[in-house]
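This briefing goes through a few residues of one protein chain, grouped by topic. Please look at the sequence and the structure before reading the points below.

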Amino acid sequence: NPWVSLAGVMVALAWHLARAHAPLREVQLIGLATLVGAAFESLLVYKGWVSIDSRLLLGGVLPVGMVALWAAFATTLNVSLRSLRRRGLLAAVLAGVAAPLAYAAGARLGALDWVLAAPALILIALGWAAIMPLLLRSALRFDGYATP
């Protein structure tokens, strides 16, 4: 059920923000990552690289559940992924490998269907390899977990 997933993400976001020294900075980072994720996921659907059940789409192209995952992912940028923030090349390589694996796992679980799997996986790898270093650089600016 997508609503249960969204509720879980909201709980995780609330917990993350409650622990932050500067929650407003974290909100800005989460907002930025969510917008980037919304654009990226919508592009994948709009261009026909992936197919998602139309009942899970807002406006026919925005996969709300996938975008919620981007918000949840953003909570890791200043916490568990903190050590990658100044290692852009490493972050790009790791994201370029891990993201296609995550999407493939999601497809196996029924979260999405491939229209053309190989080109979609390449696009996902390249997209994440570009996006990840940018999000990590943004995390430096919007670090709500920096020691006051």
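Apart from its neighbours within four places in sequence, Thr 75 is in contact with Leu 13, His 16 and Ile 30. The model is predicted, and the points below start with Thr 75 and then turn to other parts of the chain.

**Thr 75 and His 16**

- Thr 75 sits in the loop between α3 (64-74) and α4.
- Is Thr 75 buried or exposed? Thr 75 counts as buried because its relative accessibility is 14%, and the limit for buried is under 20%.
- A polar atom of the Thr 75 side chain lies 2.5 Å from the backbone oxygen of Ala 72.
- His 16, one of the residues in contact with Thr 75, belongs to helix α1 (residues 2-19).
- With a relative accessibility of 4%, His 16 also counts as buried.
- The side chains of His 16 and Glu 26 make a polar contact at 2.7 Å.
- Which residues does His 16 touch, not counting those up to four places away in sequence? They are Glu 26, Ile 30, Thr 75, Val 79 and Tyr 145.
- Ile 30 therefore appears in both lists: it is in contact with Thr 75 and is touched by His 16, where contact means heavy atoms within 4.5 Å.

**Salt bridges**

- Side chains of opposite charge can pair when their charged atoms come close.
- How many salt bridges are counted here? The count comes to two.
- One of them joins Arg 82 and Asp 143, with the closest N and O atoms 2.6 Å apart.
- This pair links distant parts of the chain, since Arg 82 is in the loop between α3 and α4 and Asp 143 is in the segment after α5, 61 residues apart.
- Arg 82 is partly exposed, at 32% relative accessibility, whereas Asp 143 is buried, at 5%.
- Asp 143 also meets the side chain of Arg 85 in a salt bridge, at 2.9 Å from N to O.
- Arg 85 lies in the loop between α3 and α4 and Asp 143 in the segment after α5, so this pair ties together parts that are 58 residues apart in sequence.
- Arg 85 is buried, with a relative accessible area of 10%.
- Arg 82, Arg 85 and Asp 143 are joined into one network by salt bridges that share partners.

**Aromatic residues and Ile 131**

- Three aromatic pairs are found in a search of the whole structure.
- Which residues form one aromatic cluster? The cluster consists of Phe 40, Trp 70, Phe 73 and Trp 128.
- Ile 131, in helix α5 (residues 117-141), is in contact with two members of that cluster, Phe 40 and Trp 70, and also with Val 36, leaving aside neighbours within four places in sequence.
- Phe 40 and Ile 131 are 91 residues apart in sequence, and their C-alpha atoms are 9.4 Å apart in space.
- Ile 131 is buried, because its relative accessible area is 13%.

**Met 66**

- Met 66 is placed in helix α3 and counts as buried at 15% relative accessibility.
- Met 66 touches Glu 41, Ile 52, Tyr 103 and Leu 112, when residues up to four places away in sequence are not counted.
- From Met 66 to Gln 28, 38 residues away in sequence, the distance is 19 Å, C-alpha to C-alpha.

**Exposed nonpolar residues**

- Which residues form a nonpolar patch on the surface? The patch is formed by Leu 89, Val 93, Val 97 and Leu 101, which together have about 420 Å² of accessible area.
- Val 97, one member of the patch, lies in helix α4 (residues 88-108).
- Val 97 counts as exposed because its relative accessibility is 52%, and the limit for exposed is over 50%.
- Leu 24, in helix α2 (residues 23-46), is exposed too, with a relative accessible area of 61%.
- The C-alpha atoms of Leu 24 and Ala 71 are separated by 14 Å, and the two residues are 47 residues apart along the chain.

Methods:
Residues numbered from 1 in each chain as written. Predicted model: local features only at pLDDT ≥ 70, side-chain atom pairs only at ≥ 80, totals over all residues. Heavy atoms only, no water. Phe/Tyr/Trp six-rings, centres within 6.5 Å; stacked < 30°, edge-to-face > 60°. Patch = residues over 30% accessible without salt bridge, like charges linked within 9 Å, V, L, I, M, F, W, Y side chains within 5 Å. Areas by Shrake-Rupley, 256 points an atom, 1.4 Å probe, with all protein chains shown as cover. Salt bridge = Lys/Arg side-chain N within 4 Å of Asp/Glu carboxyl O. Helix = DSSP H or I, 4+ residues; strand = E, 2+ residues; numbered from the N terminus. Buried < 20%, exposed > 50% of the residue type's maximum accessible area, 1.4 Å probe, protein only. Polar contact = N/O pair within 3.5 Å; in protein donor to acceptor, adjacent residues only side chain to side chain.
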